[in-house]
Amino acid sequence: MSKNSLTRRHFLRIGTGSLAAGSALSATLLKPSLLSAASRAVAPSDTVRFASIGTGVRGCELLEATLRVPGIECVAVCDLYDSRHMAAQEAVKKSVAATRVYKEILDRKDIDAVIVAVTDHQHRKVVEDAFAAGKDVYCEKPMSHTVEDGFSIVAAAQKANRIVQVGSQRVSSILYAKAKEIYDSGKLGDVYAIEAFWDRNSASGAWVYPIPPDASEQTIDWNTFLDGAPKRPFDPVRFFRWRCFTDYGEGLAGDLFVHLISGIHFITGTNQIAQRAQSTGGLFRWKDGREFPDLIETFYDYPDFRVSLRCNLNNDGGEFIAFYGTKGTLLIKDSTLTYTPQDTRPQPEDYSTIGWPAALREEYLAQWHKDHPEPRPLHFNVDEESEAYAVPKGYSDIPDHQQHFFDAVRSRKPVVENEVFGNNAAIGCHLANYSYFNKTVAVWDEAAKKIVSG
Ligand SMILES: NC(=O)c1ccc[n+]([C@@H]2O[C@H](COP(=O)([O-])OP(=O)(O)OC[C@H]3O[C@@H](n4cnc5c(N)ncnc54)[C@H](O)[C@@H]3O)[C@@H](O)[C@H]2O)c1
């Protein structure tokens, strides 16, 4: 692997953990795994033909990323807002069939798979219709809008025997793969405490997206958008800033917690629903009629560790996950990962013996050294033992994640972030919101498959 020097100042800027505070450690650049420079050749007969349903911000971002994935071809796009037909074709750099009616796409026999990037409240309907039409599905995160939606999608996927991948792309990131390798190696010792946050400080970060000047009931199929939600008059704010409203989104939990939970589940090899969650937070700043807080903090119980998550729209802290183990600390900060060992060699007590008379202290130390005859290394150099990794400039985990999906469509082998994984992660979001809105501890009742107050 090639070495790339990240300067000491870079780590100081990262600003968290012991390595950051005092190290000049250089980071190893990770090699892109799947798409590595010269992409693999795929026989024309193995080309996967796909369509995209929902070509808003994320749909277009995904379409652009598909251009870097070999052996696939976009043949149709669908969205309820006409201008997004054009945006989608621009993203995929060609003219393809475009429609407002996704069933037209599902009826096509020449389409193998669909990317579903519609608003969260429509995931269940579109995804289940796609299974019924025999399509494999890449469904954006969070997989479900409600607990019931999630279990319904799981059952439908398994009944239809379709490949499903949920869209928390960190699960396919080379940085997270390295984190998982370190976690699995046991170098961290026992990890009981995991902490993560994703903080932003801008109007865009708070979903205050501009309304396009051509938005109207003529250019947008508002009634279909409202499917599964209460009827109401046309409201472009709800259409474009849907994350702010409980009818269509899940606020910060569904938008960002889901990535953190998916990353933590992936790295720790956890594929289960958190047992309980306790949230606090509030709507302090972005008081524009939204129904979700702009700060949420949630504590989760899992059998073997505790997790604390935060999303704050009032400070630009970026994205961060930390695993605090008995033998070391693993930190992911944006696109950089560091592992810092703890000095766990046996040590004579030197704190509480301050309160002993010198003679007793010396007697204790003499005995201690007699009991520990192994020569102790002279010093513990955290820099020599620490590791740091970074992704190459321009790296994106989105095509890697897409490639995992399209490979599975061909091979029929399961993906990591399948419907069960996606459901477990999404329920973590629902637990957080249940606790926040009901001002109670949210407990996962596994037998009843529902959230109850603790
Ligand atoms: N993985 C990530 O990092 C990531 C990032 C952003 C968004 N997302 C997810 O992607 C999805 C879309 O988010 P977005 O930011 O693109 O929202 P968006 O509002 O920009 O786009 C959503 C689009 O879905 C369309 N739509 C809704 N119902 C439809 C239907 N029945 N048929 C056809 N089109 C329909 C709407 O017309 C709209 O254009 C959400 O689930 C979101 O959580 C994931």
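Strands β13 (residues 318-325) and β14 (328-333) pair in the antiparallel sense over 5 bridges in this predicted model, where two strands are taken to pair if DSSP finds at least two bridges between them. Helices (H or I, at least four residues) and strands (E, at least two) are DSSP runs, numbered from the N terminus. A hairpin of 2 residues connects β13 to β14, and A322 has L331 as its bridge partner in β14. The model is predicted, and local features therefore need pLDDT of at least 70, side-chain atom pairs count only at pLDDT 80 or more, and totals for chains, interfaces and linings use all residues. Residues are numbered from 1 along each chain as its sequence is written, and side-chain values use heavy atoms, with hydrogens and water left out.

On its other pairing, β14 runs antiparallel to β15 over 6 bridges, with I332 opposite L337 in β15. These two strands also form a hairpin with 2 residues between them. D334 lies in the loop between β14 and β15 (336-341), and its phi is near 50°, a positive value in a residue other than glycine. With a relative accessible area of 41%, D334 is partly exposed; buried means under 20% relative accessible area, exposed over 50%, and partly exposed in between, with a 1.4 Å probe and protein chains only. Strand β14 itself is mostly covered, as 6 of its 6 residues are buried. In a regular strand the side chains alternate between the two faces of the sheet. In β14, both faces are covered: G328, L330 and I332 are buried on one side, and T329, L331 and K333 on the other.

Strand β13 also pairs with β9 (residues 191-199), in the antiparallel sense and over 8 bridges. Here E195 has A322 as its bridge partner in β13. Strand β9 is further joined by 7 bridges to β12 (residues 306-312), and these two strands run parallel. D199 stands opposite N312 in β12.

A sheet with parallel pairing is also present. This open sheet has 6 strands in the order β5-β4-β3-β6-β7-β8. Strands β5 (97-99) and β8 (164-166) stand at the edges with a single partner strand each, so one side of each has no neighbour in the sheet. From one strand to the next, the twist averages 20°. At one edge, β4 (residues 72-78) and β5 pair in the parallel sense over 3 bridges, and T99 in β5 is the bridge partner of C78. The loop between β7 (136-139) and α7 holds P142, and the peptide bond from K141 to P142 is cis, with omega near -20°.

Helix α7 (residues 147-160) packs against helix α15 (residues 419-438) at an angle of about 180°, with the axes 9 Å apart. Axes are lines fitted to C-alpha atoms, for helices over the stretch in contact, and angles run from 0 to 180 degrees between N-to-C directions. The two helices are therefore roughly antiparallel to each other, a term for angles over 145 degrees, while those under 35 count as roughly parallel, 65 to 115 as roughly perpendicular and the rest as oblique. In this contact (heavy atoms within 4.5 Å), V147, G150, F151, V154, A157 and Q158 of α7 meet E419, V420, N423, I427 and H430 of α15. The residues involved divide into 6 nonpolar, 4 polar and 1 charged. Ala, Val, Leu, Ile, Met, Phe, Trp, Tyr, Cys and Pro count as nonpolar, Asp, Glu, Lys and Arg as charged, and the others, Gly among them, as polar.

After α15, the loop leading to β17 (442-445) contains K439, a residue other than glycine with a positive phi near 50°. K439 is exposed, with a relative accessible area of 76%.

The largest nonpolar core has 71 residues, of which F257, Y300, L309, F323 and L431 touch the most other members. Such a core is a set of buried Ala, Val, Leu, Ile, Met, Phe, Trp, Tyr and Cys residues joined through side-chain atoms within 4.5 Å. Helix α11 (residues 251-268) provides the largest share of this core, 10 residues. Not counting residues up to four places away in sequence, L431 touches I273, A274, A277, Y300, A442, V443, W444 and I451. A second, separate core has 25 residues, including V96, I115, F405 and V415.
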